[in-house]
Amino acid sequence: MNPFIAQLFSRQRIPGWRQLIQWGFVAWSLFLGIQFGLFVRYYQSGGQTLYYPRPPGVEAFLPIGALVSLKTWLLTGHFDTIHPAALVLFLTFLGLALLSKKSFCSWICPVGALEEGLWKGGHKLFGRNFKIWNSLDILLRVIKYLLLLFFLKLILFDMPTQALRGFLAAPYWAVADIRMLYFFTGMSLLSLTVIAVLALLSVFFQNFWCRYLCPYGALLGVLSFFSPLKVRRREEHCIACGGCSMACPSRIDVQQKGSVCSVECTGCLTCVGTCPEPQALAMRLPLWRRPLPSWGFALIVLGLFCGGVAAGMLTGHWETSLSHLDYQRLVPIAERLGM
Ligand code: SF4
Ligand code: SF4
């Protein structure tokens with residue numbers, strides 16, 4: 001094999017590949033955000049500015065509404081037409097977790113990428129990242145599950161079908177994406193302070209938000225337990241150097257595991273890239289001795305993501321049913337529309 005290509009596909013290149021994809025998604029999210037901002041500005045200005053089409057991908061930021069859509073779809077067969085991409089993307093990310101661990105968190109999520117950038121910056125600055133004591137770490141990790149339970153109880157148990165229909169038909173849901181844009185463009189001092197504190201904590205502690213507070217990650221983590229693809233260690237090849245355990249940003253003691261079943265594993269492959277023994281550690285299917293090459297895992301993650309989006313588009317569940325006239329009416333009053 002050509003030495004350049006061989007180097008590109010070497011084990012040490014795994015984090016590089018992942019970061020390329022991860023930051024590609026950050027750039028894409030930014031692009032969608034700007035395009036959506038220009039779309040909204042067109043209606044705010046009464047059609048005086050240049051028109052940009054609305055990118056349905058922004059609905060990835062509406063996971064709570066997507067959960068309402070999912071329950072409605074399962075109970076009534078009605079697939080939400082206001083923000084269909086929200087449900088398509090939500091289902092895609094659930095599928096990713098079921099098949100390829102919490103790969104959404106370390107390969108796709110822009111928040112995960114920004115957080116990783118912060119703790120890597122902190123590592124450069126202080127020569128290390130700090131670790132919260134084990135007992136406090138366990139207690140803090142419970143928070144994201146409590147938040148998840150709160151949303152699951154609220155939506156899956158407490159909302160009857162009529163309330164679900166009412167939510168999806170309400171003007172509030174129609175402008176949920178616009179209000180989310182306003183949250184980012186007009187942040188209150190309180191929101192800014194909370195984000196600054198979380199960012200600062202992320203400089204010191206690896207993945208602070210993801211590890212302790214993100215209910216979306218908690219949900220994906222629970223599903224990822226069933227993923228057939230897992231990091232698996234072959235004891236006969238392992239030289240017990242401990243490199244994998246030291247490198248894992250999710251604090252998993254990989255060296256002591258046969259298969260990494262932990263709900264905290266994000267499939268980032270950092271441990272695999274660190275392992276000096278080519279046969280010892282890899283992403284593998286159960287009962288399948290051959291390791292899945294890391295570029296193969298990257299292709300699976302990207303393939304599942306693109307497959308989910310393509311399925312949504314091809315089945316007509318991607319573009320909103322809201323019309324030009326609806327946006328002319330809704331955008332100017334979006335800020336005043338409450339639940
Ligand atoms: S076990 Fe490996 S793949 Fe999983 S989070 Fe840790 S370093 Fe990443
Ligand atoms: S890095 Fe590889 S060789 Fe070292 S302990 Fe982990 S699996 Fe074994």
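What follows is a friendly dialogue on reading a predicted model of one chain.

Reader: Where should I begin with the fold: what does the secondary structure of the chain come to?

Author: Start by counting elements. Here the secondary structure comes to 17 helices and 2 strands.

Reader: What would the radius of gyration of a compact globule be with 339 residues, and what does the chain have?

Author: Set the expected value beside the computed one. A compact globule with 339 residues would have a radius of gyration near 20 Å, and the chain has 21 Å, so the two agree. As for extent along the principal axes, the C-alpha atoms fill a box of roughly 65 × 45 × 40 Å.

Reader: How many of the residues in the chain are buried, as a percentage?

Author: Buried residues are 45% of the 339. Then turn to contacts: of those with a separation of 6 or more, 78% join residues 24 or more positions apart. On the outside, about 17400 Å² is exposed, with 70% of it supplied by carbon and sulfur atoms.

Reader: How far apart are the mean positions of the positive and negative charges?

Author: The chain has 29 positive and 15 negative charges, and their mean positions lie 5 Å apart.

Reader: Now a single element: which residues of helix 7 are buried?

Author: First the general idea: an α-helix has 3.6 residues a turn, so residues three or four places apart point the same way. In helix 7, the buried residues are Asp137, Lys144, Leu148, Leu152 and Ile155. Their cover includes helix 3 (63–76), helix 12 (208–213) and helix 13 (215–224). Helix 7 itself spans residues 134–157 and reaches 33 Å from first C-alpha to last, close to the expected 34 Å.

Terms used: Residues numbered from 1 in each chain as written. Chains lettered and ligands numbered in written order. Predicted model: local features only at pLDDT ≥ 70, side-chain atom pairs only at ≥ 80, totals over all residues. Heavy atoms only, no water. Helix = DSSP H or I, 4+ residues; strand = E, 2+ residues; numbered from the N terminus. Rg over C-alpha atoms; globule rule 2.2 N^0.38 Å. Buried < 20%, exposed > 50% of the residue type's maximum accessible area, 1.4 Å probe, protein only. Contact = heavy atoms within 4.5 Å. Areas by Shrake-Rupley, 256 points an atom, 1.4 Å probe, with all protein chains shown as cover. Lys, Arg positive; Asp, Glu negative; His and termini not counted. Charge placed at Lys NZ, Arg CZ, Asp CG, Glu CD. Expected span 1.5 Å × (residues − 1).
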